Amino acid sequence: MYTNFREHLQAELAAIREAGLYKEERLIECPQKAAIQVAGKEVLNFCANNYLGLADDPRLVAAAKAMMDKRGYGMSSVRFICGTQDIHKQLEAAISDFFRTEDTILYAACFDANGGVFEPLLTEEDAIISDALNHASIIDGVRLSKAKRYRYANADMADLERQLQAAQAQRFRIVVTDGVFSMDGNVAPMDKICQLAEKYNALVMVDESHSAGVVGKTGHGVSEHFGTYGSVDIYTGTLGKAFGGAVGGFTTGRKEIIEMLRQRSRPYLFSNSIPPCVVGAALETFRILKESNALHDKLMENVEYFRNRMMAAGFDIKPTQSAICAVMLYDAPLSQKYASLLQDEGIYVTGFYYPVVPQGQARIRVQISAAHEREHLDRCITAFVKIGKQLGVLK
């Protein structure tokens with residue numbers, strides 16, 4: 001049987017390559033940081049989710065080592081059997097404090113958090129109203145639920161209101177959105193979403209994966225930015241981006257919601273607890289962020305500097321309130337060629353194209369970090385301009 005199946009897969013893979021959509025993996029030979037080693041050459045990394053520059057922070061590395069010495073390497077169990085240490089509860093409390101919520105539940109990843117949130121809470125009597133550009137993990141989580149599905153155009157409040165009106169036929173309703181949409185960098189209008197949810201008696205959930213640590217006056221996310229504390233019922237997020245860049249996810253929010261997830265959320269019930277070293281580093285992250293806002297301030301300065309100079313150079317950049325700058329190229333092969341030539345110039349970026357983004361919307365997603373220095377930003381801008389003129393993107 002596999003002979004026929006292999007031929008089918010080979011044909012599919014050839015078609016992906018022919019369309020210019022094949023994804024290559026480049027090997028990094030050092031810790032994740034602003035300047036990395038790739039194929040023996042130093043390049044500047046502008047495509048990591050390392051927003052606060054904590055991925056190789058010596059304080060987190062030391063905290064991870066110290067916790068491993070104290071509590072071991074792994075838990076070898078799920079939480080409700082013998083996989084809960086006191087440090088897991090301490091981390092859940094730290095996350096609740098950061099988001100000003102009542103309780104938190106940890107997962108192996110935010111993909112699991114989003115995959116495990118809807119099915120335990122909602123039935124075929126209920127409705128999920130989801131933004132069209134929500135992350136794949138939300139889409140998959142919605143599919144696992146029997147709830148009625150509605151979708152509204154990205155950040156389109158008129159369309160959201162129409163879907164909320166249609167969903168009045170269901171018992172309970174929840175509006176679900178990314179906080180920052182990872183491919184465009186735009187922030188969901190949480191104030192307007194919460195107003196409509198109040199008007200039409202709906203719950204609100206937001207995925208803070210790309211917004212926590214970034215959005216808001218002190219980086220505390222969309223509720224800080226829009227003043228929606230108390231109006232958002234569920235937040236999901238990750239420890240794998242701004243909060244140290246490792247693994248681990250969480251859902252945080254209303255006490256009873258979290259309690260029900262502990263009883264019925266399948267990714268929580270059937271996955272190992274996150275290891276002590278990750279917990280130790282994450283606890284150190286939240287201590288650092290509580291002590292000072294310096295990393296967030298530097299990140300915002302870097303974003304403003306980079307965005308303004310790229311736009312002045314003539315690049316087509318989607319509006320952003322985050323650390324994501326989508327440099328639009330529209331053509332998939334062009335985005336790959338551009339990224340390859342940039343690497344030759346010492347700038348490590350990735351071209352994004354279908355199916356990660358819609359057809360005809362190919363781009364290079366530049367992600368700014370607090371780890372970047374001004375000279376790093378200038379080198380990146382100079383390289384973008386040089387290759388842009390070479391490929392005819394800029395005149």
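**Note on helix packing, loop serines and backbone outliers**

1. Ser292 sits in the loop that joins helix H12 (276–291) to helix H13 (294–312). The model is a predicted one, and the residue numbers below count from 1 along the chain. With a relative accessibility of 38%, Ser292 falls in the partly exposed class, because that class covers values between 20% and 50%. A polar atom of the Ser292 side chain is 3.0 Å from the backbone nitrogen of Ala294. Ser292 can also be placed relative to a residue elsewhere in the chain: its C-alpha atom is 9.3 Å from that of Thr218, and the two residues are 74 apart along the chain.

2. A second loop serine, Ser145, lies between helix H6 (136–143) and strand E5 (148–152). Is Ser145 buried or exposed? Its relative accessibility is 4%, so Ser145 counts as buried, the limit for that class being under 20%. The side chain of Ser145 reaches a backbone nitrogen at 3.0 Å, that of Ala147. Leaving aside residues up to four places away in sequence, Ser145 touches Phe118, Glu119, Leu122 and Ile128.

3. The third serine to check is Ser76, in the loop between helix H2 (58–71) and helix H3 (79–82). Ser76 is not a glycine, yet its phi is positive, at about 55°. Most residues other than glycine have a negative phi. The relative accessible area of Ser76 is 67%, so this residue is exposed.

4. Tyr330 also has a positive phi, about 75°, without being a glycine. Where does Tyr330 lie? Its place is in strand E10, which covers residues 324–330. Tyr330 counts as partly exposed because its relative accessibility is 38%.

5. A cis peptide bond also deserves a check. The bond from Tyr354 to Pro355 is cis, and its omega is near 10°. Most peptide bonds are trans. Pro355 belongs to the loop between strand E12 (351–352) and strand E13 (362–367).

6. Next come the helix pairs. Two packed helices are described by the angle between their axes and the distance between the axes. For helix H7 (residues 157–166) and helix H8 (residues 190–199), the axes come within 10 Å and the crossing angle is roughly 20°. H7 and H8 are therefore roughly parallel to each other, since angles under 35 degrees are classed that way. Their crossing is right-handed. On the H7 side the contact involves Met157, Leu160, Glu161 and Leu164, which meet Lys192, Ile193, Leu196, Ala197 and Lys199 of H8. By class, the residues of this contact of H7 with H8 are six nonpolar, no polar and three charged.

7. H13 and H15 have axes that come within 10 Å and cross at roughly 20°. H13 and H15 are therefore roughly parallel to each other. H13 passes H15 with right-handed crossing geometry. H13 contributes Asn302, Tyr305, Phe306, Arg309 and Met310 to the contact, while H15 contributes Arg374, Leu377, Asp378, Cys380, Ile381 and Phe384. The residues of the contact of H13 with H15 comprise seven nonpolar, one polar and three charged.

8. H15 also packs on another helix. Helix H14 (residues 332–344) and helix H15 (residues 374–390) have axes 10 Å apart, at an angle of about 130°. How are H14 and H15 oriented to each other? They are oblique, because an angle of about 130° is in neither the roughly perpendicular range of 65 to 115 degrees nor the roughly antiparallel range over 145. The crossing of H14 with H15 is right-handed. Tyr338, Leu341 and Leu342 of H14 meet Ala383, Phe384, Ile387, Gly388 and Gln390 of H15. The residues of the contact of H14 with H15 split into six nonpolar, two polar and no charged.

9. The last point concerns Val393, in the segment after H15. Which residues does Val393 touch, if those up to four places away in sequence are not counted? They are Leu329, Leu334, Tyr338 and Gly388. Tyr338 and Gly388 are also among the residues through which H14 and H15 meet. Val393 is partly exposed, as its relative accessible area is 31%. From C-alpha to C-alpha, Val393 and Gly314 are 9.1 Å apart in space, with their positions 79 residues apart in sequence numbering.

Definitions and conventions
This is a predicted model: local features need pLDDT of at least 70, side-chain atom pairs count only at pLDDT 80 or more; totals for chains, interfaces and linings use all residues. Side-chain values use heavy atoms; hydrogens and water are left out. Helices (H or I, at least four residues) and strands (E, at least two) are DSSP runs, numbered from the N terminus. Buried means under 20% relative accessible area, exposed over 50%, partly exposed in between (1.4 Å probe, protein chains only). A polar contact is a pair of N or O atoms within 3.5 Å; within protein, one must be able to donate a hydrogen and the other to accept it, and residues adjacent in sequence count only if both atoms are side-chain atoms. Contact means heavy atoms within 4.5 Å. Axes are lines fitted to C-alpha atoms, for helices over the stretch in contact, and angles run from 0 to 180 degrees between N-to-C directions. A crossing is left-handed if the near helix is turned anticlockwise from the far one by less than a right angle, and right-handed if clockwise. Ala, Val, Leu, Ile, Met, Phe, Trp, Tyr, Cys and Pro count as nonpolar, Asp, Glu, Lys and Arg as charged, and the others, Gly among them, as polar.
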